[in-house]
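Here are my comments on the model you sent over. I've kept them as numbered points, so skip around as you like.

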Amino acid sequence: MAQDEGTVQAADADVGGLQRALLAEVASAGDLDTLDQLRVTALGKKGRITALTKTLGQLDPDTRKHLGQRYNRLKETVAAAITARKAELESEALDVQLQAERQDVTLPARPLPAGRIHPVSQVTEEIIAIFGDMGFTVAEGPDVENDFNNFSALNMPPEHPARQMHDTFYVEAEQDGRPLVLRTHTSPVQIRTMLAGPPPHRIIAPGRTYRCDYDMTHTPMFHQVEGLMIDRRTHMGHLKGCLTDFVRAIFERDDIPVRFRPSFFPFTEPSAEMDIGCKRQGGELTIGAGDDWLEILGCGMVHPKVLRAVGVDPDVWQGFAFGMGIDRIAMLKYGIPDLRTFFEADLRWLRHYGFGALDVPTTRGGLSR
Ligand code: PHE
């Protein structure tokens with residue numbers, strides 16, 4: 001029996017009151033910080049419950065045992081209440097955060113307010129889309145080329161008269177005893193492609209090219225796209241079919257007449273120039289059936305000497321190549337009269353002739369809008 005009933009009853013009552021007070025404070029703690037402070041003041045080293053347990057030492061054994069258990073239960077009850085309230089507050093905080101960061105993923109994308117795609121970029125993408133569908137991949141080469149890739153390997157040895165027609169820009173640096181050049185056409189990418197790996201090949205190579213020339217239809221920097229297909233049985237019929245499909249796709253007219261005229265390039269044999277039908281009336285040019293022709297590209301069967309120059313056996317492999325001006329296609333397709341305006345960086349021009357950033361051309365979705 002406890003020595004002092006009065007002390008025990010009073011202590012019991014105190015514990016009951018403290019527990020009610022603490023639980024009420026826990027229940028009303030409005031945020032995690034307040035709750036944590038409450039934990040420290042109740043259960044911490046210098047907390048109120050800890051202070052109570054320190055008084056036990058002065059009591060007689062029975063009272064100490066009784067009150068000791070009482071204090072322990074108080075501690076557990078308060079600790080459990082704090083843990084439960086903490087979980088509650090955390091889940092409330094998460095709800096608030098989720099609500100604040102809510103995104104409606106069903107909203108349509110907003111159109112970009114500014115910025116236009118240059119017609120050269122647009123037409124390049126259109127060309128890639130069309131040849132991509134035919135199984136061609138995109139290859140690239142540098143603007144500064146060596147003499148071998150730009151000329152010699154393409155059957156234009158030093159002193160070859162065809163070199164003069166290229167109005168070449170020379171760079172003040174040499175490789176293998178010959179000056180480097182700004183590439184005069186994209187044909188060196190044929191050489192790079194064939195040196196990089198064994199046939200078969202099926203690539204197009206769009207990019208910048210340079211010739212010293214300047215008027216309505218010529219600028220010192222312009223754009224070409226090269227095509228190269230090498231396989232065991234590729235012949236002139238494939239060349240014609242492929243390029244006929246191409247012009248009809250790019251100009252989005254199925255009835256465009258085409259013709260191939262014999263021509264000359266040192267790196268193809270036979271060589272041809274491809275014309276498309278057009279009509280010229282009152283200064284207006286319309287692509288399609290008409291009584292006139294428009295030259296659009298150069299092409300031919302890759303010359304055996306070119307194949308030999310890159311270690312490909314012309315008795316096993318053969319194929320075709322073509323090259324055309326991208327800017328010229330853009331001028332024809334979008335009715336832009338002066339090539340020089342392409343490179344003047346005039347924002348008003350770009351707003352007028354440019355394309356929306358999201359109008360990505362595909363052969364299925366439409367090449368131009
Ligand atoms: N490289 C030639 C030019 O710039 C075009 C061409 C490429 C012709 C490939 C035939 C084959 O005029």
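**Notes on the model**

1. Aromatics up front: there are nine aromatic pairs in the structure. Take F265 and F267, whose ring centres sit 5.8 Å apart with the planes at 25°. That angle is under 30 degrees, so the pair counts as stacked. Keep in mind throughout that this is a predicted model.

2. What about burial in that pair: is F265 buried or partly exposed? With a relative accessible area of 21%, F265 is partly exposed, since the buried class stops under 20%. F267 is at 11% and is therefore buried.

3. Next, F342 and F343. Their ring centres are 5.9 Å apart and the planes make an angle of 50°, so this pair is tilted. Stacked needs under 30 degrees and edge-to-face over 60, which is why 50° ends up as tilted. F342 is buried, at 3% relative accessible area, while F343 is partly exposed at 32%.

4. There is also an aromatic cluster to look at. Ring pairs tie together F131, F136, F246, F320 and F322. Separately, R340 lies over the face of Y214, at 5.6 Å from the ring centre.

5. On to the ligand, which has 14 residues around it. Which of them are the closest? They are H185, S187, R211, Q224 and E226.

6. Polar distances to the ligand, if you want to check them on screen: an N or O atom in the H185 side chain is 3.0 Å from a ligand nitrogen. S187 also faces a ligand nitrogen, with a polar side-chain atom 2.9 Å away. For R211 the partner is a ligand oxygen, 3.0 Å from an N or O atom of the side chain.

7. Now strand β10, residues 292-302. Why call it largely enclosed by the rest of the structure? Because eight of its 11 residues are buried.

8. Which strands does β10 pair with? One partner is β8 (residues 268-281), in the antiparallel sense and over nine bridges. In that pairing, G277 stands opposite W293 of β10. Another partner is β11 (residues 318-325), also antiparallel, joined to β10 by four bridges. Here G298 is the residue opposite G323 of β11.

9. A separate item is the open sheet of three strands, in the order β2-β4-β3 with antiparallel pairing. Its edge strands are β2 (144-145) and β3 (170-175), each of which pairs on one side only. Between β3 and β4 (residues 178-182) there are three bridges, and the two run antiparallel. To find this spot in the viewer, look for Y170, which stands opposite V181 in β4.

10. Last, the overall layout. The domain assignment splits the protein chain into domain 1 (2-98) and domain 2 (119-353). How far apart are the C-alpha centres of domain 1 and domain 2? They lie 86 Å from each other.

Conventions:
Residues numbered from 1 in each chain as written. Predicted model: local features only at pLDDT ≥ 70, side-chain atom pairs only at ≥ 80, totals over all residues. Heavy atoms only, no water. Buried < 20%, exposed > 50% of the residue type's maximum accessible area, 1.4 Å probe, protein only. Pairing = 2+ DSSP bridges. Domains from an automatic or database assignment. Phe/Tyr/Trp six-rings, centres within 6.5 Å; stacked < 30°, edge-to-face > 60°. Lys NZ or Arg CZ within 6 Å of the ring centre and 35° of its normal. Near = heavy atom within 4 Å. Polar contact = N/O pair within 3.5 Å; in protein donor to acceptor, adjacent residues only side chain to side chain.
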